[in-house]
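Got your viewer open? Here's a short walk through the model, one selection at a time.

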Amino acid sequence: MTILCVRFQLPPAREADLPRLLGMLEEFTPVVQALPPDGALADLRGAERYFGRDALQLASVIRVRSLALYGVDCLIGAGPGPMLARVALRDAVPGVTCAVPEERDAIAEFLADKPVAALPGVGAATARTLDDYGLDTVGRVAAAPLSTLQRLIGAKAGRELHEKANGVDRGRVVPNAVSRSLATERPFDRDELDPDRHRRALLSAAEEIGARLRALEKVCRTLTLTVRYADRSATTRSRTLTEPTAHSPDLTRAAYGMYEALGLQRARVRAIALRAEGLDPADQASHQLTFDPVDEKVRRIEEVADRARAKFGPRAVMPGGLGGLAA
């Protein structure tokens, strides 16, 4: 077990601490891949030799150091590869590292009863397609003929799914940095099944992100949606925008598009988060001119609304769809 998948239990207000926590991981290994908004992968192969400790022992040290230096607990999954470490993270609890064994038979046993959606890269739509044919667990997918999977979800996707279900982990940890970003999260008071309330949360989050970007005179190139579920799992999708923007309607359309693409049905959602990434100065961004007077009018109204919110508070002006939404 040489790869750790770490999820720091950061509240939304402290997501800016992620770079410092990644710096702490880099004290153990330079091979750290950020997984915003609150996670990372760490390759400990060199660290095991250098410190004379195995990955589980190093995971315990990382957890203690995170708590002692930053007051942040973390969940840790460990495995022989990044994909398996991510699967292990689903079963991790505070204080205990969940580890996938390295032996092939043991890996198959560990994966067998997991829902197929536990495999990274398997979204809600793919999981529903497989479930319709009785392939609802990783073990059943692993036992299915490759040709069957390819007919159901396509040649390339079927081959990749077949390998993952059989414990073949071809991934690697790619060192990177946390993108300059802004994030906000909308938790629900209870596990929320109502798509209309999901969309209201998205609208509220996109409006906040847009207002914050404009206040900083920034635009973003990428928008990332994270949906957290009642079972502590999460789905993350990113979309590169047609052009860098801080325009709330553009951000809202992108957020709605990613949400609709997930195809959630009766999903018990605990929280929805949006992150604007790839921030650039607004005065250096290009904007495609249009002959649509409505677009220009909406942008002028947005400027006036921003001034009103700056003077009277963030709830002074809101979209009609957010009327009555709790502060």
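Is glutamate 185 buried or exposed? Select it and look: glutamate 185 counts as buried, because its relative accessibility is 17% and the cut-off for buried is under 20%. Keep in mind as you go that this is a predicted model.

**Stop 1: the whole chain**

Zoom out for a moment. The chain has 327 residues, and buried ones make up 45% of them. Colour by secondary structure and you should find 12 helices and 9 strands. About 16,900 Å² of the chain is exposed, with carbon and sulfur atoms supplying 52% of that area. Now think about who touches whom: among contacts between residues at least 6 apart in sequence, 67% join residues at least 24 apart.

**Stop 2: a network of charges**

Go back to glutamate 185 and add two more residues to the selection, aspartate 38 and arginine 228. Asp38, Glu185 and Arg228 are linked in a network of salt bridges. Side chains of opposite charge can pair when their charged atoms come close.

Take the two links one by one. Arginine 228 pairs with glutamate 185, and their closest N and O atoms are 3.2 Å apart. This pair links distant parts of the chain: arginine 228 sits in strand β7 and glutamate 185 in strand β6 (residues 181-192), with their positions 43 residues apart in sequence.

Now the other link. Aspartate 38 forms a salt bridge with arginine 228, with 3.6 Å between the closest N and O atoms. Here, too, distant parts of the chain are linked: aspartate 38 is in the loop between β2 (32-35) and β3 (39-43), arginine 228 is in strand β7, and the two are 190 residues apart.

Where does this leave arginine 228, buried or exposed? Arginine 228 counts as buried, because its relative accessibility is 16%. Aspartate 38 is buried as well.

**Stop 3: a bridge between two helices**

A search of the whole structure finds 16 salt bridges, so there are others to visit. Select arginine 199 and glutamate 260: their side chains meet in a salt bridge, at 2.6 Å from N to O. Arginine 199 belongs to helix α10 and glutamate 260 to helix α11, and the two are 61 residues apart. Arginine 199 is partly exposed, with a relative accessible area of 26%. Glutamate 260 also counts as partly exposed, at 46% relative accessibility.

**Stop 4: serine 248**

Stay with helix α11 (residues 248-262) and pick serine 248, which lies in it. Serine 248 is buried, because its relative accessible area is 1%. Which residues does serine 248 touch, not counting those up to four places away in sequence? Show its neighbours and you'll find Ala206, Glu207, Gly210, Ala211, Arg214 and Glu302.

**Stop 5: valine 61**

Next, jump to helix α3 (residues 55-70), the place of valine 61. Valine 61 is partly exposed, with a relative accessible area of 23%. Leaving out residues up to four places away in sequence, valine 61 touches Phe28 and Arg53. Draw a line from the C-alpha of valine 61 to that of phenylalanine 28: the line spans 9.9 Å, while the two are 33 residues apart in sequence.

**Stop 6: two residues with positive phi**

Check some backbone angles now. Glutamate 217 has a positive phi of about 55 degrees, although it is not a glycine. You'll find glutamate 217 in the loop between α10 (195-215) and β7 (218-229). At 58% relative accessibility, glutamate 217 counts as exposed.

Move on to arginine 232, in the loop between β7 and β8 (234-245). Its phi is near 75 degrees, again a positive value in a residue other than glycine. Arginine 232 is partly exposed, with a relative accessible area of 40%.

**Stop 7: a negative patch**

For the last stop, switch on the surface. Which residues form a negative surface patch? Select Glu102, Glu103, Asp105, Glu109 and Asp113 to see it. Then pick out glutamate 103, which is found in the loop between β5 (98-99) and α5 (104-112). Glutamate 103 counts as exposed, because its relative accessibility is 51% and exposed means over 50%.

Key:
Residues are numbered from 1 along each chain as its sequence is written. This is a predicted model: local features need pLDDT of at least 70, side-chain atom pairs count only at pLDDT 80 or more; totals for chains, interfaces and linings use all residues. Side-chain values use heavy atoms; hydrogens and water are left out. Patches are made of residues with over 30% relative accessible area and no salt bridge: like charges are joined within 9 Å, nonpolar side chains (Val, Leu, Ile, Met, Phe, Trp, Tyr) within 5 Å. Accessible areas come from the Shrake-Rupley method with a 1.4 Å probe; for residues, only the protein chains shown count as cover. A salt bridge is a side-chain nitrogen of Lys or Arg within 4 Å of a carboxyl oxygen of Asp or Glu. Lys and Arg count as positive and Asp and Glu as negative; His and the chain ends are not counted. The place of a charge is taken as NZ of Lys, CZ of Arg, CG of Asp or CD of Glu. Helices (H or I, at least four residues) and strands (E, at least two) are DSSP runs, numbered from the N terminus. Buried means under 20% relative accessible area, exposed over 50%, partly exposed in between (1.4 Å probe, protein chains only). Contact means heavy atoms within 4.5 Å.
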